[in-house]
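Trainee: I would be grateful for a close look at one part of this model, together with an account of how far the prediction may be trusted.

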Amino acid sequence: MAKLVLDNIAHSYDPNASNPVFALKQMSLSWADGGRYALLGPSGCGKTTMLNIMSGLVTPSHGKVFFDQSEVTRMITEERNIAQVFQFPVIYGTMTVYENLAFPLKCRQFPEDQIDKKVKEVSEILNLHNFLDNRAKGLTADQKQLISLGRGLVREDVAAILMDEPLTVIDPDLKFRLRRKLKEINDKYKTTLIYVTHDQNEAMTFADNIIVMDQGEVVQAGSPKDLFERPQTTFVGYFIGSPAMNLYECSANSENQISIGSNTFKVHTNINNTHSKDLKLGIRSEYITVESKLSDNSLEADIIEVEDFGNYKLITASFDSVKIKAKVKRELDIPSEKVILKLPAEHCCIYEDNKLI
Amino acid sequence: MSLLIDHISLKPTEEYHLNDVTLNFNPGKMYTILGRTLSGKTTLLKTIAGLQTPDSGSIKFEGADFLSVPVWNRNVAMVYQQFINYPHLNVIENISFPLKQRKMEENIIEKEVKEAMEKVGLIGFELRKIQELSGGQQQRVALARSLAKKAKILLLDEPLVNLDYKLREGLREEFKKLFSGSEASKSILIYASTDPLEAMQLNGDIIVIDEGKVLQTGSAKEVFENPATAKVAEITNDPAMNINKGHIQDNTLVMNNNVQIQIPDQLKSIPNGDYQVGIRATDLFLDDNGFSFDVEISEISGSETFLHLRNNDLKCVATIEEVKTYEANEVVKINFDKSKIYLFKETGELLHSPYQQ
Amino acid sequence: MPKLYTFLKYFFVILWACFVIAPFLWAISTSFKDFNSVTGGATYIPWLQFEPTLDGWSVLFKPGSQGGINIIGPYFNSIFVTLTASLISIVLGTLAAYALSRYTFKAGFVKNNDITFFFISQRIMPPVVLSIPFFLFLSTLGLLDSLAGLILVYIVLLMPIAVWIMVDFFNRVPKEIDETALIDGCNPFQAFFKVVLPNSVPGMLVAGLFCIIFGWIDFFFAFILTFTKVQLLPVKIVALNSSITPWWSLSAAALVSVAPLIIVAFIVERYLSKGNLSGALK
């Protein structure tokens, strides 16, 4: 177990070019021992590069990687105390479950009795103890993935388990089981788990701390709640949550008032110090309420469409030629043409140059 | 003009892939086949396309026998969940392939292909190779190819399931627009999906299928509000409707030793006995006066949190309208709206729904 | 540590490259030597250590009356037989493999996999087992000592390789591609020729490479099934051997006979990296 630190790293796959393209722009990050992290972002955002730098498959062109105090930047994967779980379960099909789990310890020449003890313990946690003598080939996909994970868990020296979209090949109903196991394991062993995914639901469900990446940069790191309620950039607002955050270009009127077209809104952000012309108001469709009459922070909009999702209704409407989406309870009666929507001031986020202020 | 499927069955091995399926499809309408993985959705679509032949039953299209018509003469189009295109052809060649196959005139082909490409937003990608496109773009090519054909029957087999979350959100909205166009009114649209929200959003007729058998057909609203059986209620809700055994005795609904409620007036006419009690996850809510449940795991989905709860043998899922991580084994107080209870017979048939007249 | 690793990596790669190239260099230098230079101990550098001569090479092209073996005729025979047999094997093998990959066959307990194995089982038997049946077969047809007879036998030997490689290849191409072609209005033959075949080029190149290699290097059947009218290169080269092993002309013959394979390998390699199915195999 150890703390992982990425110190001013950056990576370009072609660092000697006159104008190198960085897959990962310069950043520093540290991963606390025992944390449960998700690395989230669309494909091509640099998350796999970051993972490979931690596992040692890629040596960063700039910066250093530390495990606790010792620098490991140039160490190869085998020398780092890292376990990896890939998209597809890596198992030795002809071996039994027991042999699969014992393999990493056998390779390191641990004494028989110690191996036995550890394998039994880990298999218990993973609910694999009834299959120990079965061949790994015949197991279900999620059990196979658990074996891949178990091979990391049997080693006490493992500093972190890195998982690259580990649930891709798992059936939806088994995903639930596996995700729950992962949490339990993290609670019990306090092993740092780092989970890479492009799926926000998976990331938010799994991790305490989510690192959102976009175009080679970390755009926000925080708890699921933070990401949802106070997205640090408009990208996070778009990427997290369904539907995406409503975003409108606006102009500052006074210290805490903005206007979108002819509508003015109070906000809880001091916007006196903004300089940029690029000012945006963001609000989650969940926080927008339907009112019966106009009041502060409300507006009248023309309904374009009301979709019934069963669990909720989604109103799409337009005002001042921009679209607004509001998510409301299914039971709510919605007028057919015009609707009054309120944008509560406490939930309005203001973005200057796409960054939250 | 309609497509009539009459008592078709397909049983290649021990299990039915299709079990006595009878359906009627009319042009200008959107049909959603909703069912879990391996429930027979794909088999049904392939049978309509002519790629599989049922063991018994008949299919009639526009009054004529359809089974004796080979695939290549059926005038259907199909989009798969995998991104299936012709890898040796570029985008424009892919889309014009079926039209060339029909030996249509060059200038008509050109016009049709351009139109289809505009619809799906592929202008500018004409000469790209398929391998150079992202997953979303590849699926657009497949979609454009089937639109350009103007086939009388358009089959869509979970076309969005393999796409990234955000892409799926955007493309689904586009789909809805595409299929509400005037061209679409001339063809039969059949869309297979595992996602109840998707089925609700598409807002056509829903056909619920499980283990090769059609369980219910009806409008989205009807199927959602009055599911014919407990199984349908599970399949048409995400998270699945909570179905637990319950017992009615002297106006009290007993779920287990801890959870017992006075039954609401609408249920007073129900005789004493054992039932299956259903309640939607969205109808459960946090309430300090509610019943104590242990949290097994919490999952964040979009803007909601799914709490997987347990009270002794009583298990359920509650949807909480916020993004928050709950720890395993945390105790929460949960209550529910009594008027939202569904009752099913022990054999599964619907007995009472909150929406029943 | 990584520096040592890099050093070791290059060290072994270079070592291996030397190991592979050395015999060729050796053969080239030997082919320009004469009896004295070969038997007079190891020499490496022409003109300095030995006097290069074309004797070894000229033997290959001189007619038998002048003590040569004249390989030009056998050379073209070999090329013709190998290419024809490989081509026919690829065509038939691809068709058979496609059928085995896409359709279910069943005759009692015999299923697709058994049929595939039957094909490859032809290659498990030692050639000597097949030699007598082949001999009788060709003599019945009157094709002994003829190019046509050899081509026939080579097809039997090469087609299993093509089937084996192509079945595996087709199994990895999603059958939804063929289905889409059917839905788009192709009948099964059109689907095969317009869609499946153009996407099978990489597999066919690999299969073709193997067929050409195995066809080209065969000595045994060429030796048994031909006598005087028709001769193939490997058989002719063996005729070089006499009481004194003519290392110089053997080296020249070895170089001449390996040349077409090297050329084929380079061509195939270029095309292999070009064609790929990644777009379809998502």
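Trainee: What is the mean pLDDT of chain C, and what percentage of its residues reach 70 or more? Please then examine strand β14 of chain B closely.

Mentor: This is a predicted model, in which local features need pLDDT of at least 70, side-chain atom pairs count only at pLDDT 80 or more, and totals for chains, interfaces and linings use all residues. Residues are numbered from 1 along each chain as its sequence is written, while chains are lettered from A and ligands numbered from 1 in the order in which they are written.

Chain C has a mean pLDDT (the predictor's confidence in each residue, from 0 to 100) of 87, and 95% of its residues reach 70 or more. Within chain C, helix α4 (residues 72-102) has the highest confidence, at a mean of 94, and helix α2 (residues 35-39) the lowest, at 80. Helices (H or I, at least four residues) and strands (E, at least two) are DSSP runs, numbered from the N terminus. Over residues 275-282 of chain C the pLDDT is below 50, although this stretch has 23 contacts in the model beyond near neighbours in sequence; two residues are in contact if their C-beta atoms, placed from the backbone, lie within 7 Å. Where pLDDT is low, the predicted coordinates should not be read in detail. The model as a whole scores ipTM 0.86 and pTM 0.83.

I turn now to chain B. Its 8 helices and 20 strands belong to a chain of 357 residues, of which 46% count as buried. A residue is buried if 20 or more other C-beta atoms lie within 10 Å of its own, exposed if 12 or fewer, and partly exposed in between, with C-beta atoms placed from the backbone. The C-alpha trace of chain B spans about 75 × 45 × 40 Å along its principal axes. Of the contacts in chain B with a separation of 6 or more, 66% involve residues 24 or more positions apart.

Strand β14 (residues 273-279) of chain B is mostly covered, with 5 of its 7 residues buried. Strands pair if DSSP finds at least two bridges between them. Strand β11 (residues 242-249) of chain B runs antiparallel to β14(B), and 7 bridges join them. β14(B) also pairs with strand β19 (residues 342-344) of chain B, in the antiparallel sense, over 3 bridges. B:Gln276 takes part in both pairings: B:Lys245 stands opposite B:Gln276, and in β19(B) the bridge partner of B:Gln276 is B:Phe344.
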